[in-house]
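The following exercises ask the student to read a protein fold step by step. Please examine the sequence and the model before turning to the solutions.

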Amino acid sequence: SIYVGTTHELCKIDRKFNIHTLNLGISYLNSLSLYMDYLLCVDNLGTLYILKDDRILFRVTCDDPVAYYTSVNVTSHGIVAATSTNLIEFFVFNDNFIKVTRRLRVSPLANVSSLTSDSNGMLWLCADNGFGYLDLGNRFHLCNYENYNSAIERVMEDYEGNLWVASSRHGVMKLAKSDFHN
């Protein structure tokens, strides 16, 4: 199945390309991710949902009173949810419980909108005010590229291991493992 977050409702497209509205009251999704038999999503109100068999198992709001969830993904670091502040949270769950196992501050980043793992296990965080990554020891590293530090939307890795960083203000930047000289 393919899940689609619309302005009206969460929908599912089946193998015959029929569209089914799930009627769960979930709309305006910022983030969708699959983990085994679970669908993880965050709406624009900052609520994290965990679904199984097209039913809501958990509806979670951030414990921090000034923060709300902005993104969720299954990464090399586990299930990670980002918030509107500099806080990211790591989760474990099953059908019966959900638990935050760790909280980490990633200052000066705020409003992390995208979480992506690369082939080396680094967790890339994209935010309104820059980007950085968590290494395998969960230490945060801010990437500092002059004049490329705002409206970072996504980091993607290509087949050669190059990283492509997209900004809605600055365009696309390629981070290569080595310089090319002709």
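**Exercise 1: Burial and overall form**

Determine what share of the residues is buried, and assess the overall dimensions of the protein.

Solution. The model is a predicted one. Step one: a residue counts as buried when its relative accessible area is under 20%. Buried residues make up 46% of the 182 residues in the protein. Step two: for 182 residues, a compact globule would have a radius of gyration near 16 Å, and the value for the protein is 17 Å, which agrees. Step three: along the principal axes, the C-alpha atoms fill a box of roughly 55 × 40 × 30 Å.

**Exercise 2: Secondary structure and surface**

State how many helices and strands the protein has, and what its exposed area is.

Solution. Step one: the protein contains 18 strands and zero helices. Step two: about 10,200 Å² is exposed, of which carbon and sulfur atoms supply 48%.

**Exercise 3: The nonpolar cores**

Identify the residues with the most contacts inside the largest nonpolar core, and the strands that contribute to this core.

Solution. Step one: the largest nonpolar core has 16 residues, and Leu48, Tyr69 and Val72 have the most contacts inside it. Step two: at least two residues of this core come from each of β5 (38–43), β6 (48–52), β7 (55–60), β8 (69–75), β9 (78–83) and β10 (87–93). Step three: leaving aside residues up to four places away in sequence, Tyr69 touches several residues, including Val42, Leu48, Val60, Ala81 and Phe91. Step four: apart from this core lies another, of 14 residues, among them Ile88, Val106, Val112 and Leu125.

Notes
Residues are numbered from 1 along each chain as its sequence is written. This is a predicted model: local features need pLDDT of at least 70, side-chain atom pairs count only at pLDDT 80 or more; totals for chains, interfaces and linings use all residues. Side-chain values use heavy atoms; hydrogens and water are left out. Helices (H or I, at least four residues) and strands (E, at least two) are DSSP runs, numbered from the N terminus. The radius of gyration is taken over C-alpha atoms; the globule rule is 2.2 Å times the number of residues to the power 0.38. Buried means under 20% relative accessible area, exposed over 50%, partly exposed in between (1.4 Å probe, protein chains only). Accessible areas come from the Shrake-Rupley method with a 1.4 Å probe; for residues, only the protein chains shown count as cover. A nonpolar core is a set of buried Ala, Val, Leu, Ile, Met, Phe, Trp, Tyr and Cys residues joined through side-chain atoms within 4.5 Å. Contact means heavy atoms within 4.5 Å.
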